[in-house]
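Reader: Could you walk me through how the labels on this one were arrived at?

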Amino acid sequence: MFQGSTLMSHLVIEDKIFVNARNKNDPEMAQIRRGIIRESTRQPTWGQNLPKCFIPFELEFENLIRENMNVITFDDLKKVNSQHPIRPLSDAELKVFLKFQHAIGKILYFDEPGLDTHITLLPTYLIDAFKSIITDKRFCKGEKQTEQLWNLMSQKGVIFKSAIEKLWRTGKYQRFDQHKDYLVAVMTHLDILVEPKRYDLKRNRIPTDFYFVASMVPAEDTTGYLQSPFLTDRNIAIAFNSSSAIIPPALSFRFITYCLSIFDVKKYGDRKDDMLFHRSAVFTIHPSLEMHILCEDDRIFVRLVHAKNKVLILKDLASSICDCLKSALENISQLYIKTSSDNSEQSVGTFEMNLCCSVAKDPCLLSIGEFNKIDSIWVCPGHKLDHKKFVMSSWITEKEIMKKCEITCLDTDPEKWDLVPSDEDIDKMAPLIGKKSLFFLVELGMDLETWDTINHRQTKRDLVKLNKDILDEWMLICNVKNVRPAMRMIAQAYKSIGKDIRVLENTLFN
């Protein structure tokens, strides 16, 4: 059944073991243990040297777990380290130790601002916290609170913050209450929960009272969005094809959750319901442009849909969105690459981007290599539709992209360019910069030392977060220097890195 599939390398079929998993004394359990040990010796980390100074700490962790300490703060860990009778680890050695233990799955430690203050000594503690919220309906029977949570999540894909606090305050889930802020922060970091962006009347960020939970939405899209009138004339599309036989569902959910953290989900119908469905969603980029995401078993489709015609989709906007989505997929995929013992190029988690025809159902695919051979028109083989090369090329970042732009283009409406960007403006601009982050930072007048500082804080390759950090840092520097951080300065830097100023204008002022 798995012959020729990349999944073959993950199967252990040398033994035929039949075990009653409900009986811990089943004699064949010993055979399973031997098999697990045998497979352990075949893993890439087996046989690697381990610093002797790590061993006492491993034993100390086991003692703490026996004392029912599932999570320890970094400060408390440093106190334990300082009391070591032989030689305490330096701060750098301590970080290396934690990262190593995390890599082999013995603990969970995220070297990320806001998360590096805690260490989960027992990973199953974190998993149990997740399972108290993200679960199947059959496991909620008899638990009224959990049933109510599940019903709301399955209908709207949301969970209220107050509901999590109430659930963890009493009963068998009370053990999570002590570390609730940390646990929720980890769930957000892992794209299990995402807090949508909301702003006050001054367009400054404000917290919301709920999270989106993309993995809990069972509803299929019945809105008929992909059957909208003249859709083929209004959309351009790409597909990310997985090199493995199937895309893990968790990867699809994390990808949609990532999009939820950046873009506003589109509303529809009289009730203004969110267009968030099982492995698909529709996002509003700006009033005349939307993005449709569809995750299938072996590929992910992304469509930009214009209100009038696809030729009006600005190239810089499409290519910048493409850059951000590619980096997000690469980042999310690392989880599956790192945990795979198959180090070949076809290892699970790698994706290849193809261009698509404009037909939503069974679209034809075109590789970038084949696209480069086209003169001006591509006729898709399945539907015999003409596709203009210059329109399809909107997704692709050109190296020689420096466009001529008259200085006066910023003076057509000088007042709006003299405004100070709000939090909402910063959030909207971050995806537009794409992968030209370093050049953008330099054009804003910052030095390479500032780049090193900002880049060092990026523990995962998230272009949108990197670009947002650059803009936030620039705002701080302007305030320190008593310089008014006008939108005009950002626009000039944006233009200087070869971007189309119309993209910025349409996104901010439409």
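Author: What follows is a run through some labels and the reasoning behind them, and keep in mind that the model is predicted.

Reader: Let's start with the rings. Why is the pair F61 and F97 called tilted?

Author: The search of the whole structure finds 12 aromatic pairs. For F61 and F97, the ring centres are 5.5 Å apart and the planes stand at 55°. A pair needs centres within 6.5 Å, and planes under 30 degrees apart count as stacked, over 60 as edge-to-face and the rest as tilted. With 55°, the pair is therefore tilted.

Reader: What makes F61 and F97 a link between distant parts of the chain?

Author: F61 belongs to helix α2 (residues 54-66) and F97 to helix α4 (residues 91-103), with their positions 36 residues apart. The two also belong to one aromatic cluster, together with F54 and F57.

Reader: How do you know whether F61 and F97 are buried or exposed?

Author: Buried means under 20% relative accessible area. F61 has 4%, so F61 is buried. F97 comes in at 0%, so F97 is buried too.

Reader: On to S358. Why does S358 count as buried or exposed, whichever it is?

Author: Its relative accessibility is 4%, and the cut-off for buried is under 20%, so S358 counts as buried. S358 sits in the loop between β15 (351-356) and β16 (365-367). Leaving out residues up to four places away in sequence, S358 touches T232, N235, R303, K310 and H387.

Reader: And S132, how do you know which class its accessibility gives?

Author: Same cut-off, under 20%: S132 has 1% relative accessibility, so S132 counts as buried. S132 lies in the loop between α5 (123-131) and α6 (144-156). Beyond four places in sequence, S132 is in contact with T146, L167, W168, Y173 and F176. The C-alpha atoms of S132 and Y173 are separated by 7.3 Å, though their positions lie 41 residues apart along the chain.

Reader: What makes L11 partly exposed?

Author: Partly exposed falls between the 20% and 50% cut-offs. L11 has 34% relative accessibility, so L11 counts as partly exposed. L11 is placed in the segment before α1 (29-40). With M8 and I13, L11 forms a nonpolar surface patch, with about 250 Å² of accessible area together.

Reader: Last one: how do you know that K95 sits over the ring of F74?

Author: The charge has to be within 6 Å of the ring centre and within 35 degrees of the ring normal. The charged end of K95 is 5.5 Å from the centre of the F74 ring. Likewise, K389 lies over the face of F371, at 5.1 Å from the ring centre.

Notes. Residues numbered from 1 in each chain as written. Predicted model: local features only at pLDDT ≥ 70, side-chain atom pairs only at ≥ 80, totals over all residues. Heavy atoms only, no water. Patch = residues over 30% accessible without salt bridge, like charges linked within 9 Å, V, L, I, M, F, W, Y side chains within 5 Å. Areas by Shrake-Rupley, 256 points an atom, 1.4 Å probe, with all protein chains shown as cover. Salt bridge = Lys/Arg side-chain N within 4 Å of Asp/Glu carboxyl O. Helix = DSSP H or I, 4+ residues; strand = E, 2+ residues; numbered from the N terminus. Buried < 20%, exposed > 50% of the residue type's maximum accessible area, 1.4 Å probe, protein only. Contact = heavy atoms within 4.5 Å. Phe/Tyr/Trp six-rings, centres within 6.5 Å; stacked < 30°, edge-to-face > 60°.
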